[in-house]
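Trainee: Could we go through this structure together? I would like to begin with the contact between the chains.

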Amino acid sequence: MAIIETKNLTYTYPGGTKPSIRDVSLTIEKGEFVILTGPSGCGKTTLCRCFNGLIPHFYSGQLKGELTVAGLKVIEHPIYEMAQRIGLVFQNPENQLFALSVEKDVAFGLENLGLPRDEMTKRVDWALQMTGIEELRQRAPHELSGGQQQRVAIACVLAMQPDIMVFDEPTSFLDPLGAQKIFEVINELNKKLGVTVILVEHRLDLASKYTDHVIILDDGKIVLNGKPKEIFNSQTARLIGVGIPKATRLWQMLQENGIKLEGVPTSSDEAARLLREVLKA
Amino acid sequence: MIEVKDVYFTYPTGVEALKGVSLNIRNGEFVAIMGQNGAGKTTLVKQFNGLLKPTKGEVLADGVSTRNVSVAQLARKVGFVFQNPDHQLFSETVEEEISFALRNFGFRETTLKRRVTWALNLLGLTEYRKTSPFMLSGGERKRVALASVLAWNPKVVILDEPTIGQDHRQKEILRQFIVQLNAQGKTVVIVTHDVEFVAECSPRVVLMAQGQIVADGDAKRILTDPDITLRASIVSPQITQMFRGLADLGLPTDVIDVSEAKKIILEYLEASSVERL
């Protein structure tokens, strides 16, 4: 079942001379883990802003085409309604956190929904538990490490119990181990809770193993849309400057040298396994 | 160019961020300072241009103790590009942003114009000359911040997490760009946890953990050493991890670069087909 559907979506920011996204038509199924990538300035963030209604409700400008998210026509529903179905986690948690304790930050969105107190407590407990930060509940968010802050930001959004969560480069301020931990939290939300995940990411070396659907934008348009192996192995991805995983790149280079290879690796383990077969043959 | 002599640094909050760091960076070197979040990387490089002064010990920048001169004087020699461009940008147009420091350093208008054009062109920002930096994407704002420092041509350029928010193509441009700056004799220091980027640049790597330097040497040696990477909680490059998984076949384990990996595998295949004949 499609949870996000767009048809010929085109949007120009106020004062913009050309559209930031053009004729975007895509379908995202419920429960998918989607990676959305493409060169800097290609329209990734703009597209995410359409999904949760920031465009057109907060950013004016000109929006054309059709957009349905979680069964709602985004144009007809205000941001606070969309926010209960689709949550956005920003790149830099500092831009999102503000309360004096983790617990209060996580409860903030729920207070705005006017939920009863015991329901709020239940959801805060659950969100803290799912993101592995129960022991931080009384701490001040600004005193935490970057990785911990990002978990708090995720908990804040998760507490709203959205069907879809959008992560806009959630690990770019983290070191590789911190990033890996965040990807694992996101993966659990996807696999255990069935939350549809849209991950905007450049670091495909780390993220590609979790995904089953990759969408690549370039200059506001969809250029590739499909299974990760096909996408990473296509020449287009490399030519428009998408950082395909190094294991995939090595595979391509070996093929260019006339080595016959099966499959397409996207991780080091997979590459080692496939390469072992070739080397032993 | 930069001499760090047994430096300790404690923040006013009581956090001890540097615990006895000594480091020499020679003129014209290219150094990557790596380590986990909170290891003390940014605190260390902020000592280089006097933004922070040691609690104990001494830092010399181009022979001058950072205690004796102002940040403004040091900045002319040691340019610092912040991790978060929003901490640095404030002007109404990209052009004004890049002109700001040049004007403060007293460059003549004609020189200033030439330098601004040069910097815009260098970082692919010419079309944004009249645009507000705040209308740009995160990656583009980062390039504006870099352009505004390079414009005054400091001897040492410090880049704090330059690859954050940059796509692959921009990273490749950045890499070539750093290599070029370095080849022209500039000292380049980057603070990063982007191992793949470091694997492609192959600089000298200074690895930090808990306020101390735990390893110092060429990228290949540091990034492929399992004990060192574990101690500093960094992840080895994907290619290195792959070769680790194939060590029993007699392949080397100290590979970080894709082209080198290709060469090794092709040679291995050739050798084994010769053997079979």
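Mentor: Certainly; please keep in mind that this is a predicted model. The contact draws 36 residues from chain A and 35 residues from chain B.

Trainee: Which elements give two or more residues to the side of chain A that touches chain B?

Mentor: They are α6 (146-158), α7 (176-193), α11 (246-256) and α12 (268-280) of chain A.

Trainee: And which one gives the most?

Mentor: That is α12(A), with seven residues on the side of chain A that touches chain B.

Trainee: How do the residues of that side divide into nonpolar, polar and charged?

Mentor: On the side of chain A that touches chain B, 16 are nonpolar, 13 are polar and seven are charged.

Trainee: Changing topic to the backbone: is the peptide bond from Ile55(A) to Pro56(A) cis or trans?

Mentor: The bond is cis, and its omega is near 10°. Pro56(A) belongs to helix α2 (residues 54-57) of chain A.

Trainee: Now chain B. What is phi of Asp62(B)?

Mentor: Asp62(B) has a positive phi of about 50°, although it is not a glycine. Asp62(B) sits in the loop between β4 (56-61) and β5 (64-65) of chain B.

Trainee: Why does Asp62(B) count as partly exposed?

Mentor: Because Asp62(B) has 14 C-beta neighbours inside 10 Å, whereas a buried residue needs 20 or more and an exposed one has 12 or fewer.

Trainee: Where is Asn153(B) found?

Mentor: Asn153(B) is in the loop between α5 (138-150) and β7 (156-160) of chain B. Its phi is positive, near 55°, in a residue other than glycine. Asn153(B) counts as partly exposed because it has 15 C-beta neighbours inside 10 Å.

Methods: Residues numbered from 1 in each chain as written. Chains lettered and ligands numbered in written order. Predicted model: local features only at pLDDT ≥ 70, side-chain atom pairs only at ≥ 80, totals over all residues. Contact = placed C-beta atoms within 7 Å. Helix = DSSP H or I, 4+ residues; strand = E, 2+ residues; numbered from the N terminus. Nonpolar A, V, L, I, M, F, W, Y, C, P; charged D, E, K, R; others polar.
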